[in-house]
Amino acid sequence: MMYHAMQRFELFLIPEGKSKVQFIPDTKIPNAGTFLIEREDHTLGNLLRMQLLNNPAVLFSGYRMPHPLEHKIELRIQTVPETDPKTVLLLALRQIKEQVQYLQEKVRDDTDRLRVSSSRDIY
């Protein structure tokens, strides 16, 4: 049996002719669509899904990986009529970025405080 596992570098490089993110609007459901996101997995999919579900304008958010050997996710979003999937996704990405920056600051502050505290204990 032969498996075609990707080389490590293939997990990050976007294939020529493909974009990182592609949006496909739903033709049957208003204010809905699917984002195809290349070279991502459950980590980003679940993070985006959960952040989107915190937004009251989002009626549905879910993702799936079409195949375990394909490193891409399909993120489906449906919103209320006053907004659209692209807008709420951009807002979710901004909110995640702010949360990560806050976390980085807290870790940096706590690490600095620990370093200062432990250097006093040595002497």
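Helices are DSSP runs of H or I with at least four residues, numbered from the N terminus. By that numbering, R113 sits in helix 2. The model is predicted.

**R113 in helix 2**

Is R113 buried or exposed? Its relative accessibility is 52%, and the cut-off for exposed is over 50%, so R113 counts as exposed. The side chain of R113 has a partner: a polar contact of 2.3 Å joins it to the side chain of D110.

**The nonpolar core**

Helix 2 also matters for the next topic. Nonpolar side chains tend to be buried together in soluble globular proteins. Here, the largest nonpolar core has 15 residues. Which residues have the most contacts inside this core? They are L52, L75, I77 and L89. Four elements give two or more residues to the core: strand 2, helix 1 (42-53), strand 4 (72-79) and helix 2 (85-122). Helix 2 supplies the largest share, four residues.

Take L52 as an example. Set aside its neighbours within four places in sequence. L52 is then in contact with V58, S61, L75, I77, V88, L89 and A92. Among these contacts are L75, I77 and L89, which are also named with L52 as having the most contacts inside the core.

**The aromatic pair**

How many aromatic pairs are there? The count is one. The ring centres of F23 and F35 lie 4.7 Å apart, and the planes meet at 45°. Planes under 30 degrees apart would be stacked and over 60 edge-to-face, so this pair is tilted. The two rings come from distant parts of the chain. F23 belongs to strand 1 (residues 21-25), F35 to strand 2 (residues 32-38), and 12 residues separate them.

The two partners differ in exposure. F23 has 24% relative accessibility and so counts as partly exposed. F35 has 4%, so it counts as buried.

**T34 in strand 2**

T34 is also found in strand 2. At 17% relative accessibility it falls under the 20% limit, so T34 counts as buried. The side chain of T34 makes a polar contact of 3.4 Å with the side chain of R76. Beyond its neighbours within four places in sequence, T34 is in contact with Q22, F23, I24, E74, L75 and R76. That list includes F23, a member of the aromatic pair.

**Salt bridges**

A search of the whole structure finds eight salt bridges. The table shows three of them, with the closest N to O distance.

| Partners | Distance |
|---|---|
| K18 and E38 | 3.5 Å |
| E38 and R39 | 3.4 Å |
| E70 and K72 | 3.6 Å |

The bridge between K18 and E38 links distant parts of the chain. K18 lies in the segment before strand 1, E38 lies in strand 2, and they are 20 residues apart. K18 is at 47% relative accessibility, so it counts as partly exposed. E38 is at 8%, so it counts as buried. In the bridge between E38 and R39, both residues are buried. Which residues join into one network through shared partners? They are K18, E38 and R39.

The bridge between E70 and K72 is another of the eight. E70 has 35% relative accessibility and therefore counts as partly exposed.

**Pulling it together**

Strand 2 recurs through this report. It holds F35 of the tilted pair, T34 with its contact to R76, and E38 of the salt-bridge network. It also gives two or more residues to the largest nonpolar core.

How values were computed. Residues numbered from 1 in each chain as written. Predicted model: local features only at pLDDT ≥ 70, side-chain atom pairs only at ≥ 80, totals over all residues. Heavy atoms only, no water. Phe/Tyr/Trp six-rings, centres within 6.5 Å; stacked < 30°, edge-to-face > 60°. Buried < 20%, exposed > 50% of the residue type's maximum accessible area, 1.4 Å probe, protein only. Salt bridge = Lys/Arg side-chain N within 4 Å of Asp/Glu carboxyl O. Core = buried A, V, L, I, M, F, W, Y, C linked by side-chain atoms within 4.5 Å. Contact = heavy atoms within 4.5 Å. Polar contact = N/O pair within 3.5 Å; in protein donor to acceptor, adjacent residues only side chain to side chain.
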